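Reader: Can we walk through this chain together? Start with the fold, then the core.

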Amino acid sequence: MKGFRTVNWLDTEIDVHFSYSKGYPARLSGDPDSWDPGCDDEFDIESIIYNKTDVTALFSDCDIAMIATEIMEDEDEGI
């Protein structure tokens, strides 16, 4: 799923464009041919837009991780 979320970052609104794929649990019972290792959730920030400009390169890996966590918490609440 591709998504878009406006996030308040340091008292400034930024638009975050992302892709998100819900994972699924491992299946390790029954016939071994049907076992599946499962898959974690996948989340990728594609761009961060401020004032119609892509400013993604200005954010550290730590900042991007914090933004991703905030958005994923919103996703878990049923958005």
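Author: Here is the fold, then the core, then one buried residue and the overall dimensions. Note that this is a predicted model.

Reader: What does the secondary structure of the chain come to?

Author: One helix and four strands. Along the sequence the pattern reads β-β-β-β-α.

Reader: What is the strand order in the sheet?

Author: S1-S2-S3-S4, with antiparallel pairing. The sheet is open.

Reader: Which are the edge strands?

Author: Strand S1 (2-9) and strand S4 (53-54). Each of them pairs on one side only.

Reader: And over how many bridges do S2 and S3 pair?

Author: Seven, in the antiparallel sense. Strand S2 covers residues 12-21, and strand S3 covers residues 42-50.

Reader: Which residue in S3 does Phe 18 stand opposite?

Author: Ile 45.

Reader: Switching to the core. How many residues are in the largest nonpolar one?

Author: It has 14 residues. Ile 14 and Ile 67 have the most contacts inside it.

Reader: Which elements give two or more residues to this core?

Author: S1, S2, S3 and helix H1 (61-76). S2 gives the most, with four residues.

Reader: Back to Ile 14. What is it in contact with, leaving aside neighbours within four places in sequence?

Author: Ile 67, for one. The list also has Arg 5, Thr 6, Val 7 and Trp 9. Then come Ile 48, Ile 49, Tyr 50 and Phe 59.

Reader: New topic: Ser 47. Where is it found?

Author: In strand S3.

Reader: Is Ser 47 buried or exposed?

Author: Ser 47 is buried, because its relative accessible area is 12%, and the cut-off for buried is under 20%.

Reader: What is Ser 47 in contact with, again leaving aside neighbours within four places?

Author: Asp 15, Val 16 and His 17, plus Asp 54 and Thr 56.

Reader: Now the whole chain. What radius of gyration does it have?

Author: The chain has 16 Å. A compact globule of 79 residues would have a value near 12 Å. The C-alpha atoms fill a box of roughly 55 × 25 × 20 Å along the principal axes.

Reader: What share of the residues counts as buried?

Author: 27% of the 79 residues.

Reader: And how much accessible surface does the chain have?

Author: About 5,700 Å². Carbon and sulfur atoms account for 51% of that surface.

Reader: Last one. Among contacts with a separation of 6 or more, what share comes from residues 24 or more positions apart?

Author: 44%.

Note on methods: Residues numbered from 1 in each chain as written. Predicted model: local features only at pLDDT ≥ 70, side-chain atom pairs only at ≥ 80, totals over all residues. Heavy atoms only, no water. Pairing = 2+ DSSP bridges. Core = buried A, V, L, I, M, F, W, Y, C linked by side-chain atoms within 4.5 Å. Buried < 20%, exposed > 50% of the residue type's maximum accessible area, 1.4 Å probe, protein only. Contact = heavy atoms within 4.5 Å. Rg over C-alpha atoms; globule rule 2.2 N^0.38 Å. Areas by Shrake-Rupley, 256 points an atom, 1.4 Å probe, with all protein chains shown as cover.
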